[in-house]
Amino acid sequence: MLRRVLSSLCLSAVSVCGFAQTQPLAPHSAYEPPAAKAAASLAASAVGAPADLLTTGEKSQWEKTGTYAEVIAMMQTLEKRSPYVKVMQFGTTAEGRAMYAMVVSSDKAFTPALAAKTDKAIILIQSGIHSGEIEGKDTALMLVRDMVITKHEHQAAWLKKSIFVVVPVFNIDGHESRSPFNRANQNGPDITGTRPNAQLLNLNRDYVKAATPEMRGWLKLYHSWMPDFMFDNHVTDGADYQYDVTWDMAHHGDMGAPTSQWVNDRFIPELNKRMEADGHLVSPYGALRNAGKGRREFFVEVFSPRYSHLYAAALNRPALLVETHSLKSGKTRAWSNYDIMVNSIDVVVEDPQALRTAVRASDKKYAAMAGDRNSEPIYLAGKISDASRPLVYHTLKTAQFPSEITGTMVTRYTAEKDDLETVIHEEIDTTAEAKEPLGFLIPLAWKEIADELALHGVVMEKTTKRLDQEFETWRFTEVKYAAAAFEGGIMVDYVLHPVKERIPVPAGSYWVPLNQQRARLVMALLHPAAPDALVRWGFAASIFQGMGRIGAAEYLTVPIATKMAVDNPKLMVEFQAKVTEDAKFAADPQARIRWWTERSSYQPSATNRYPVLQVWEKNW
Ligand SMILES: [Zn+2]
């Protein structure tokens, strides 16, 4: 009866409440790992912890999560009670909230310069970039508590060999925009924050374009500390399966080679082994996909530097993308997140110099390759390989049930294990690569690009005299804008043609030498074949304008086209072919004229030409 009253209320005010749900659905996995019940590491962390340093997650059996005020209060308490903790503001959100990080150092090395003197590993823990995926906030605070307050032997010992920079919540505005409906596919907490920030931008697509104030603050923090290792803590959704945590880390051509070796030889095997010993079931991040003939195969994903962990990889530094599972209970997720951080930190801290040496060797290697035409090309983009190896994938069996909603049978997961014998595609084939030039030259008019590079810590010099000579760059054809907006802009794709043209470059332009620590990042931002090249994100977008119209009507454009056809018979042949092949084009007088004017010399020469110049030998 009550239900009937409610629904009629709703119907009468449908524009206000929709068919308002007062309670969200509480989804849950059909399978929980047996060791999650005890979650021994979480229980151990709480031993001896003062009441005001227990998080809301811990106090509510992970059914609730605290606000950012709790995070600030806890960071301040940690700082007050330990000489080894320093809280600092590193940015301000779009809605004006102060963004805080804390540095944990037993040397009180609270600045990058002091930290460098210790030669310890710098580890960045970042949580809440997607603020609804939030147990990483609590677990990060717990780890600091373990190290400096309860001084649990294992965690406290880390500080002998490492320094931590901790960002408990990155997307703070999203975190404070709390609702029970923000994460439909997540098993608690009861109220969470959102995925995007207040500008509706996804911070984990913003690493390159840095359109948000949050990211601009983060870039400053990251580039001042240049951490040797980083965590980015998330919760993934999608299928149900047995795994409680999945992860991704660059370890192919997408990572500086010496670091990649450390990741492949040392980190990945140790991580998997140790997590399994703690009762976890871990998998690389990816999905089962239909591979034809009803066969399901497992595919990892290819990421690019717009994402946290590939951004760090472009700087030769490993970053672990942690994805606990949205359908597992909040407690399970916290346990998985806590343990994957503990085990990863252990691997780093057991031999921090192995990692630091690899990172430094990578920095040096790619800086030294600048301008060497005989060196190997740098990876810019890739796709998942057809190659595979056998894998037993631990998923769950599904069953069908009839649905009145769809009028069909619908699939749901069951608790029955499905240990599927399949294959994993985990190799990445390179689809775009390029050798490192000596540097790039950014003409003064395109200062917006240089300003962006400065945010990324790139070292540049100003040119002192006007240059007027031939330069290498690219011309774009088949320029295509995406059909829909993406992350606040419209991305552009094109076909590249290397050209050598005489281009004047005014004094005061920007010289970007590749012989620098951030060489691979510069390639990712400036080489136009790179998937996250700034030009694809809308920088210097005016170069794609101005095609077609030359400010004259047919009485002039037709004679211009006729003269071009006479002067250049090859062009006429191409035109005739187009007329023959394309009936729509043939029937459109304006399109036919445009075809010629687009190819005429009456266009600004910079139209459709990449404004950044590639330099192999510096002759000025
Ligand atoms: Zn996420």
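Here is a short chat about a predicted model, going from its domains down to single residues.

User: Which domains does the domain assignment give for this protein?
Analyst: Good place to start. The assignment splits the protein into pieces, and one of them, domain 2, is made of two stretches, 431–546 + 606–615. Put together, the list reads domain 1 (26–368), domain 2 (431–546 + 606–615) and domain 3 (554–598).

User: How many residues does each side give to the contact of domain 1 and domain 2?
Analyst: Taken over C-alpha atoms, the centres of domain 1 and domain 2 are 33 Å apart. The contact takes 19 residues from domain 2 and, from domain 1, 21 residues.

User: Which elements give two or more residues to the side of domain 1 that touches domain 2?
Analyst: That side has 10 nonpolar, 5 polar and 6 charged residues. The elements that give two or more residues to it are helix 10 (213–225) and helix 14 (352–368).

User: What is the strand order in the open sheet of 8 strands?
Analyst: The pairing in this sheet is mixed. Strand 1 (85–92) and strand 7 (282–284) each have a single partner strand, so they stand at the edges, with one side left without a neighbour in the sheet. From one strand to the next, the twist averages 25°. Reading across, the order is 1-2-4-3-5-10-6-7.

User: What angle does helix 5 make with strand 1?
Analyst: Helix 5 (residues 68–81) packs on that sheet. There it touches strand 1 and strand 2 (98–104). Its direction makes an angle with that of strand 1 of about 145°.

User: Which residue in strand 4 stands opposite Ala121?
Analyst: Look at strand 3 (residues 121–127) and strand 4 (residues 162–167), which pair in the parallel sense over 6 bridges. Opposite Ala121 you'll find Ser162.

User: Are the faces of strand 5 covered or uncovered?
Analyst: Strand 5 (residues 229–236) has 8 of its 8 residues buried. On one side sit Phe229, Phe231, Asn233 and Val235, and on the other Met230, Asp232, His234 and Thr236. All of these are buried, so both faces are covered.

User: What are the bridge partners of Ser127 in strand 5 and of His234 in strand 10?
Analyst: Strand 5 runs parallel to strand 3, with 5 bridges joining them. It also runs parallel to strand 10 (residues 319–325), joined by 7 bridges. The partner of Ser127 is Asn233, and that of His234 is Glu323.

User: Which strands stand at the edges of the open sheet of 4 strands?
Analyst: This sheet has mixed pairing and the order 8-9-13-12. Its twist averages 40° from one strand to the next. Two of its strands have a single partner each, so one side of each lacks a neighbour in the sheet: strand 8 (286–290) and strand 12 (389–402).

User: Why does the span of helix 7 agree with its number of residues?
Analyst: Helix 7 (residues 135–148) has 14 residues, and 14 of its 14 residues are buried. At 1.5 Å a residue, the expected span is 20 Å. The C-alpha atoms at its ends agree with that, because they are apart by 20 Å.

User: Is Asp468 buried or exposed?
Analyst: Asp468 is found in strand 17 (residues 467–481). A residue counts as exposed with 12 or fewer C-beta neighbours within 10 Å. Asp468 has 11 inside 10 Å, so it is exposed.

User: Where is the cis peptide bond that involves Pro189?
Analyst: Pro189 lies in the loop between helix 9 (172–176) and helix 10. Omega is about -5° for this cis bond, which joins Gly188 and Pro189.

User: What is the phi of Asp119, and what is that of Ala540?
Analyst: Asp119 is in the loop between helix 6 (112–118) and strand 3, and is exposed, with 10 other C-beta atoms within 10 Å. Ala540 is in the loop between helix 16 (519–526) and helix 17 (554–567), and is partly exposed, with 17 other C-beta atoms within 10 Å. Neither is a glycine, yet phi is positive in Asp119, about 60°, and in Ala540, about 55°.

Terms used
Residues numbered from 1 in each chain as written. Predicted model: local features only at pLDDT ≥ 70, side-chain atom pairs only at ≥ 80, totals over all residues. Expected span 1.5 Å × (residues − 1). Buried ≥ 20, exposed ≤ 12 C-beta atoms within 10 Å, placed from the backbone. Domains from an automatic or database assignment. Contact = placed C-beta atoms within 7 Å. Nonpolar A, V, L, I, M, F, W, Y, C, P; charged D, E, K, R; others polar. Pairing = 2+ DSSP bridges. Axes fitted to C-alpha atoms, helices over the stretch in contact; angles between N-to-C directions.
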